[in-house]
Amino acid sequence: AAAKTIVTTPFSGQKPGTSGLRKKVKVFAQPHYLENFVQAVFDSIGEVTGKTLVVGGDGRYHNRTAIQTILKMAAANGFGKVMVGQGGILSTPAASCVIRKYQTFGGIILSASHNPGGPDEDFGIKYNIPAGGPAPESITEAIYARTEVITSYKITEAADVDLDSLGSRTLDGMEVQVFDPVADYAELMESLFDFGAIRAAFAGGLRMKFDAMHAVTGPYATEILERRLGAPKGTVMNGVPLEDFGHGHPDPNLVHAHDLVEALTGAGAPDFGAASDGDGDRNMILGRDFYVTPSDSLAVLAANATLCPGYAKGLKGIARSMPTSAAPDRVAAKLGIPSFETPTGWKFFGTLLDAGLATFCGEESFGTGSDHVREKDGLWAVLAWLNVLAVRKQSVADIVTAHWREYGRNVYSRHDYEGIDSAAAEGLMEHLRSLSLKGQKLGAYTVAFNDDFSYTDPVDGSVSKKQGIRVVFEDGSRVVFRLSGTGTEGATLRVYIERFEPDASKHHLDPQIALADLIKIARDLAEIEARTGRTEPTVIT
Ligand code: VG1
Ligand code: CO
């Protein structure tokens with residue numbers, strides 16, 4: 001085998017978004033496209049000679065092809081070793097776990113997360129730093145700048161590497177170690193949660209369904225829930241990872257995880273339901289006939305954290321993304337620990353976790369996690385809930401409604417308008433940015449302030465601007481507007497709506513009803529119908 005230098009020219013638009021570079025498979029499959037990006041990564045992270053890299057993905061279409069390319073490029077660029085998940089499989093949180101445990105020079109994760117997979121669907125790639133988390137903006141910007149001027153890349157000409165049998169082999173002088181993608185992660189989970197109590201709960205009749213949505217968490221959930229915790233066979237649904245996720249949309253929400261929602265509906269339904277996304281970092285939590293919003297899930301887990309052995313000493317702080325509801329802040333206030341508000345995207349939690357300022361983090365987009373890794377972690381959240389259920393021996397609904405009685409309810413909803421015209425979306429955001437609303441009355445609400453969220457990282461001082469339009473009212477209610485940074489077609493407008501309800505007699509109300517006035521205010525302010533032609537959102541969570 002011999003390393004070759006291949007001449008190339010830049011592709012425009014290789015700019016990582018909220019979580020890496022995501023494009024259609026057809027875009028990634030063009031000659032040199034993936035290669036340019038990977039070389040730009042290798043050129044932007046410092047000396048790679050002799051270093052170890054972790055590589056794996058969510059198993060979607062193009063995963064294996066991309067991994068072979070990355071292995072040959074890593075060898076040609078002088079890496080000493082690449083650790084690859086068996087079959088190319090590695091969930092995002094498991095990748096973070098392995099990078100940290102073996103102290104590698106970071107890793108490359110191949111995923112487009114909750115976006116559909118297949119020849120006509122999406123693919124994605126991102127680099128995670130040695131701390132285990134997504135590269136911060138300083139690095140993603142350097143990678144992007146490099147892609148704009150790249151003239152060549154290095155690749156070894158060799159036969160494809162066997163990714164299916166465990167063990168080490170050599171590729172042009174570089175070691176390729178194919179490892180079990182589940183073992184290290186399962187061991188970490190066992191160190192954080194009371195597996196004995198959860199096992200006893202299952203043995204005592206606790207019933208659950210976990211929907212892996214034919215994505216990466218199938219093997220993880222089967223090993224942990226059914227083998228190690230003794231949940232009955234069949235607890236894990238759709239547990240075999242498929243390249244196209246069984247034609248599904250591996251997004252664990254009420255719309256796309258409809259099989260699970262149906263299974264959790266009605267008198268005979270199981271006690272607990274959960275789902276995860278394409279790459280295993282998201283989670284949705286359900287009780288029987290009960291949906292837990294991700295913001296409430298973070299708040300409830302934080303309030304109950306000391307029931308889990310790994311967090312028995314309490315939390316140092318709680319961090320949430322700006323659009324996430326303030327429910328976790330209320331828990332932090334009561335616990336007397338700091339709370340942090342960051343821009344959207346897990347990369348912004350990294351410095352807080354590294355500095356020991358926060359222990360739990362979460363996003364309204366079905367992301368929950370802790371300082372055990374540097375990614376959000378779907379199964380971690382599921383196990384945390386199981387731990388709480390096993391100890392408190394109450395239903396999900398009872399635990400959440402009791403939480404609302406104690407703290408009040410941050411009634412919350414997100415409305416997504418997917419696939420709208422990009423220029424119209426930009427125009428809508430510009431229009432919102434131009435408004436000065438302070439003191440104005442909108443319906444029954446008076447505007448306290450409106451701005452475009454800007455964040456200064458309290459640890460490293462880096463500044464991130466234009467992270468979402470906030471319109472905050474005097475009673476703390478708010479509407480937030482952002483454009484998605486993970487889509488691959490047109491634009492997606494996200495509208496986040498929140499109102500605090502202290503009155504327990506109103507806690508049972510459907511959020512769409514409880515928030516109706518604010519929803520209308522948001523639509524009118526943003527001129528959604530006039531600018532996008534849409535009268536209703538495509539997804540409501
Ligand atoms: C979305 C979510 C964001 C999340 C990101 C990556 O980003 O809103 O909270 O961190 O996806 O999640 P955006 O820019 O589309 O709103 V994943 O599971 O796709 O890695
Ligand atoms: Co994901």
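How many bridges join strand S21 (residues 445-452) to strand S24 (residues 469-473)? The legends below take up this question and then turn to other views. This is a predicted model, in which local features need pLDDT of at least 70 and side-chain atom pairs count only at pLDDT 80 or more, while totals for chains, interfaces and linings use all residues. Residues are numbered from 1 along each chain as its sequence is written, and chains are lettered from A and ligands numbered from 1 in the order in which they are written.

**View 1. The open sheet and the pairing of S21 with S24.** Five bridges join strand S21 to strand S24, and these two strands run antiparallel; strands here are DSSP runs of E with at least two residues, helices are runs of H or I with at least four, and both are numbered from the N terminus, while two strands pair if DSSP finds at least two bridges between them. Val 447 has Phe 473, in S24, as its bridge partner. The open sheet consists of seven strands in the order S20-S21-S24-S25-S26-S19-S27, with antiparallel pairing. Strand S20 (441-442) and strand S27 (539-540) stand at the edges with a single partner strand each, so one side of each is left without a neighbour in the sheet.

**View 2. The largest nonpolar core.** A nonpolar core is a set of buried Ala, Val, Leu, Ile, Met, Phe, Trp, Tyr and Cys residues joined through C-beta atoms within 7 Å, where buried means that 20 or more other C-beta atoms lie within 10 Å of the residue's own, with C-beta atoms placed from the backbone. The largest such core has 123 residues, of which Val 82 and Ala 302 touch the most other members. Helix H13 (residues 378-392) gives the most to this core, with eleven residues.

**View 3. The surroundings of ligand 1.** Ligand 1 is surrounded by 18 residues, the closest being Thr 18, Ser 113, Ser 365, Ser 484 and Thr 486; a residue counts as near if its C-beta atom, placed from the backbone, lies within 6 Å. The shell divides into one nonpolar, twelve polar and five charged residues, with Ala, Val, Leu, Ile, Met, Phe, Trp, Tyr, Cys and Pro counted as nonpolar, Asp, Glu, Lys and Arg as charged, and the others, Gly among them, as polar.

**View 4. The contact between domain 2 and domain 3.** The domain assignment, whose bounds come from an automatic or database source, gives domain 1 (2-181), domain 2 (185-407) and domain 3 (409-540). The C-alpha centres of domain 2 and domain 3 lie 25 Å apart.

Note on methods: Buried ≥ 20, exposed ≤ 12 C-beta atoms within 10 Å, placed from the backbone.
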